[in-house]
Amino acid sequence: MDESIYSNYPPRLDPAQEQFLVTTVKDWTIHNGLTVRPSPASLPAGADEKGVLATNAPVTLFPSLFPKSCFEEAEALQKVYNELYANITCDTAWLEKVMEELIDVDDFISSLWKVHLAVRKEGYVQPLSLGLYRSDYMVHVPPNATAPSIKQVEFNTISSSFGGLSSLVTGLHTELLSFPPGLPISYPKHPLLDGRVPPENTAVPTLAAGLAAAHEAYGPSKSTPSHPLCVLFIVQEKERNIFDQLALSTQLTRVHKVPVFRLATSEILTQTSIPSSNPSRPLIYTPPFSPSTPFEVTTIYLRSFYTPSDYKSERDWDARLQLERSAAIKCPTVLNQLAGCKKVQQVLAEPSGPDNLSHFLPHTESSVISNLRETFAPQYDLSANGRGRELALNPETAVNHVLKPQREGGGNNIYKAEIPGFLRSIPETDWKRWVLMEMIQPPPTAKNVVLRSDGQVLSGHVIGELGVFGTILWKDNGDIIHNEQGGWLMRTKGKESNEGGVAAGFSSLDSVILI
Ligand code: ADP
Ligand code: MG
């Protein structure tokens with residue numbers, strides 16, 4: 001195929017075409033719930049006092065091009081990744097050793113670890129854990145590469161978001177490509193758009209089926225008399241990305257007939273309880289709007305509690321402890337959240353030392369383990385006399401790296417030339433909190449057009465990040481009850497931006513055309 005069709009993608013829009021496409025996309029997003037709550041900063045003071053407004057999620061007008069082989073590889077590895085992180089979580093002693101490095105220097109990690117220790121002392125009553133994961137990748141094409149490969153940006157074990165909205169963007173682009181059939185109406189004619197649509201995106205049914213599997217596995221009520229059962233979504237106050245979450249709860253209710261409630265973190269201690277007389281420690285949720293019908297919570301899905309700002313006071317830590325010590329199945333447990341630390345990913349990526357991958361995946365073929373290992377970009381700790389420290393402090397090598405703390409949710413990393421100065425500005429004893437990672441080198445020529453939530457239309461060079469979703473339900477002895485891969489997320493950011501989060505405002509939701 002003529003290479004220019006890639007560099008000429010997406011086709012240029014003249015002003016009338018752009019206006020038509022933008023109008024179509026704006027209307028489609030609201031019509032179909034591809035929406036977010038507006039950022040208060042984007043509105044005049046007092047414009048939404050009653051909290052009724054919604055706006056389009058930031059979306060690309062075109063699907064981005066993505067190498068088919070890379071997409072398939074990422075999908076093929078997901079169930080292995082699911083198992084890897086389940087098994088790491090089961091190996092508390094291994095995890096404890098990794099966490100030891102961080103506990104002294106990182107208050108957040110230390111507080112999470114204390115929650116685990118408190119429940120361990122009392123004894124865990126729920127052997128099952130649920131993971132709703134997303135493994136994030138970029139396509140890596142270093143200058144002399146013969147073929148593109150995927151490198152993992154990070155593995156998310158808590159609040160892995162955008163399954164709901166991502167399925168909708170796939171639907172949006174598919175519809176724009178398919179209607180009217182065969183005629184270049186929504187998009188100008190381009191060979192890469194001719195007769196192609198994005199691959200199916202099953203994120204919503206897959207993630208909801210994971211939650212339903214946990215709900216089912218919980219078994220009957222542990223209360224006497226018994227209570228009706230429910231799933232609880234623990235959410236941030238004033239969550240702007242609520243429609244992404246509702247896509248999952250609606251699927252659970254409509255398809256699996258499971259009652260789902262949303263509870264803000266500040267409401268946990270007032271609206272849930274564990275009867276002290278019941279050694280099974282069921283978590284009882286009493287809805288304030290229906291106090292005479294308490295529910296027993298089978299499964300807790302955390303879309304909060306992943307970042308320090310979700311814990312406003314000790315009370316929020318007490319609330320996390322209440323959830324953790326209960327009989328509800330946690331998605332995720334504190335231990336599984338900790339297994340998702342950047343530090344764990346750095347230890348797994350170590351080229352020498354113990355073969356952690358083979359240890360955690362004893363039944364996986366060695367060729368699959370090497371494929372998985374191939375997705376790791378080089379990562380280093382910053383220990384004295386180590387290679388990481390040398391690379392981070394030297395301005396010439398620092399520019400090829402990113403420095404990451406043990407945090408989630410975007411906006412926490414230090415990039416490239418800023419690394420040496422940043423490290424010198426903090427006490428050397430704190431360097432253990434960070435890992436250094438080599439920058440992945442995405443294709444330099446990709447372009448797209450973005451409709452932001454405030455209506456701005458931007459076009460230019462972009463970098464894409466593919467997330468693949470997976471779910472796993474397992475028992476603390478390592479038995480796996482449910483392990484599925486399904487659905488994906490494409491996020492696209494301006495090439496000049498180092499960061500990537502959609503919720504953090506850096507990138508847009510996208511879909512893919514496989515090439
Ligand atoms: P977070 O937990 O905050 O999402 P990430 O590890 O995903 O942290 O990093 C945030 C963003 O930084 C990513 O979405 C990506 O855009 C960029 N990034 C992270 N690691 C790399 C890397 N090794 N190479 C290139 N970009 C990276
Ligand atoms: Mg990320």
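**Close-up views of a predicted model**

**View 1. Ligand 1 and its polar partners.** In this predicted model, an oxygen atom of ligand 1 sits 2.7 Å from an N or O atom in the side chain of Lys404. The side chain of Lys493 also takes part, with an N or O atom 2.9 Å from an oxygen atom of ligand 1. Asn498 joins in through its backbone: one of its N or O atoms lies 3.3 Å from an oxygen atom of the ligand. How much of ligand 1 does the protein bury? On its own the ligand would expose 540 Å², and the protein buries 96% of that.

**View 2. The shell around ligand 1.** Stepping back a little, we find 21 residues around ligand 1, and those that come nearest are Lys342, Lys404, Gly410, Tyr415 and Glu465. Sorted by class, this shell holds nine charged, seven nonpolar and five polar residues.

**View 3. Helix H12, a covered helix.** Next comes helix H12, which spans residues 342-349. Are its residues buried or exposed? Eight of its eight residues are buried, so the helix is mostly covered by the definition of buried as under 20% relative accessible area. Lys342 is one of these buried residues, and Lys342 is also among the residues that come nearest to ligand 1. Its companions in H12 include Lys343, Val344, Gln345 and Gln346, which are buried too. Val347, Leu348 and Ala349 are likewise buried.

**View 4. The second largest pocket.** This pocket has a volume of about 650 Å³. Which residues lie nearest its centre? They are Leu65, Pro443, Thr445, Ala446 and Ile515, out of a lining of 23 residues. Several elements each supply at least two residues of that lining: helix H1 (4-7), strand S4 (64-66), strand S17 (447-451) and strand S18 (457-475). By class, the lining counts 16 nonpolar residues, along with five polar and two charged ones.

**View 5. The largest cavity.** How many cavities of 30 Å³ or more are counted here? The count comes to one. The largest cavity holds about 120 Å³ of space. Its lining is made of 14 residues, and Tyr306, Gln337, Cys341, Gln406 and Glu408 lie nearest the centre. Two or more lining residues come from each of helix H5 (107-122) and helix H11 (334-339). Of the elements, H5 gives the most, with three residues. The lining divides into seven nonpolar, five polar and two charged residues.

**View 6. Glu267 in its loop.** Look for Glu267 in the loop between strand S8 (260-264) and helix H9 (268-271). Glu267 is partly exposed, with a relative accessible area of 30%. For a sense of distance, pair this residue with His359: the two are 92 residues apart along the chain, and their C-alpha atoms are separated by 41 Å.

**View 7. Val22 in helix H2.** Our last stop is Val22, found in helix H2, which covers residues 15-32. Is Val22 buried or exposed? With a relative accessible area of 8%, Val22 is buried. Val22 and Ser273 are 251 residues apart in sequence, and from C-alpha to C-alpha they are 49 Å apart in space.

Conventions: Residues are numbered from 1 along each chain as its sequence is written. Chains are lettered from A and ligands numbered from 1 in the order in which they are written. This is a predicted model: local features need pLDDT of at least 70, side-chain atom pairs count only at pLDDT 80 or more; totals for chains, interfaces and linings use all residues. Side-chain values use heavy atoms; hydrogens and water are left out. A residue is near a molecule or strand if one of its heavy atoms lies within 4 Å of it. A polar contact is a pair of N or O atoms within 3.5 Å; within protein, one must be able to donate a hydrogen and the other to accept it, and residues adjacent in sequence count only if both atoms are side-chain atoms. Accessible areas come from the Shrake-Rupley method with a 1.4 Å probe; for residues, only the protein chains shown count as cover. Ala, Val, Leu, Ile, Met, Phe, Trp, Tyr, Cys and Pro count as nonpolar, Asp, Glu, Lys and Arg as charged, and the others, Gly among them, as polar. On a 1 Å grid over the protein atoms alone, a cavity is a set of points where a 1.4 Å probe fits but cannot get out, and a pocket is an open set with protein on both sides within 12 Å along at least five of seven lines; lining residues have an atom within 4 Å of a point. Grid points are joined across faces, edges and corners, and a volume is the space filled by probe spheres set on the points. Helices (H or I, at least four residues) and strands (E, at least two) are DSSP runs, numbered from the N terminus. Buried means under 20% relative accessible area, exposed over 50%, partly exposed in between (1.4 Å probe, protein chains only).
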